[in-house]
Amino acid sequence: MNHTSSRSVPPRRRVRGVVLPSLAVLGLAGALFVARRPLMMSAPTCMAGRWHGCYDTFNGVVLMMLVAVPLSAVVVWALASRRRAAGDTSAWRTSLAEVGMVHGTVPFVWLTMMPGAGAGAVPGRVSLVPLRDLVTMGPLGIAGNLLVFAALGFFAPMRCAALASLPRVLALGAGCSALVETAQYVLRLDRVSSVDDVLVNAAGAVLAALASRRWWRTPAGAPSDRSRPEPVPAA
């Protein structure tokens with residue numbers, strides 16, 4: 001009899017599945033530690049319920065996004081409990097994807113739609129030359145644009161099987177970004193509607209989709225590769 005199959009050797013995918021989320025959590029914790037002081041500057045205004053100084057600033061919006069994480073977790077639990085009671089085998093994944101898309105996308109879209117100092121007074125500006133504005137964004141600008149539709153790219157393929165494809169996620173990110181840039185121009189928000197914003201936003205959605213690919217490529221309720229028993233060779 002061959003006892004090779006009974007050895008409990010952790011596969012490489014299992015190690016990768018532990019290391020990558022751990023690195024992501026450590027990176028997020030490090031980013032929050034670095035940004036703690038700017039975020040706390042908006043805390044008194046936000047806690048007082050004032051609009052100016054909180055919801056019209058980057059620090060205030062990001063702070064309120066973090067504060068709302070427990071509320072979003074409660075919503076995920078409520079939706080998942082209701083779906084599980086109805087016999088939905090993918091209740092948790094579906095609920096997490098729905099809430100994650102909203103929680104991770106709305107604040108960043110809100111930031112991109114904030115009016116500038118000359119909103120309503122200056123005409124809309126358009127930049128249609130690719131990569132011309134990319135060099136002026138800087139590292140923080142590029143990182144911020146990558147995050148605008150990152151949550152959408154991460155969770156949308158998990159929620160909707162029709163979007164479980166990198167080209168479709170790319171089209172979704174580019175289309176949503178184009179709508180935002182068009183709204184900036186039409187509403188005369190004193191912002192530049194740039195094709196580079198569309199490119200970077202769409203790239204952020206695709207990169208996030210790559211990060212969640214191991215989940216949305218597995219159909220809901222179907223056993224993953226880890227749970228499938230390995231064939232036992234004949235003795």
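**View 1. The surface of the whole protein.** The protein's accessible surface adds up to about 14900 Å², and 69% of that belongs to carbon and sulfur atoms. Areas like this come from the Shrake-Rupley method with a 1.4 Å probe, and for residues only the protein chains shown count as cover. Keep in mind that this is a predicted model: local features need pLDDT of at least 70, side-chain atom pairs count only at pLDDT 80 or more, and totals for chains, interfaces and linings use all residues. Residues are numbered from 1 along each chain as its sequence is written, and side-chain values use heavy atoms, with hydrogens and water left out.

**View 2. Helices and strands along the chain.** You'll find 11 helices and 2 strands here (DSSP runs numbered from the N terminus: helices are H or I with at least four residues, strands are E with at least two). Starting at the N terminus, the order is α-α-α-α-α-α-β-α-α-α-β-α-α.

**View 3. The disulfide of C46 and C54.** Searching the whole structure turns up 1 disulfide, meaning a pair of cysteine sulfur atoms within 2.5 Å. It joins C46 and C54, with their sulfur atoms 2.0 Å apart. The C46 and C54 link is right-handed, with 110° about the S-S bond.

**View 4. Cysteines, buried or partly exposed.** Buried means under 20% relative accessible area, exposed over 50%, and partly exposed in between (1.4 Å probe, protein chains only). C46 is buried at 5%, and C54 is buried too, at 0%. C160, at 33%, is partly exposed, and so is C176, at 22%. Across the 235 residues of the protein, 29% count as buried.
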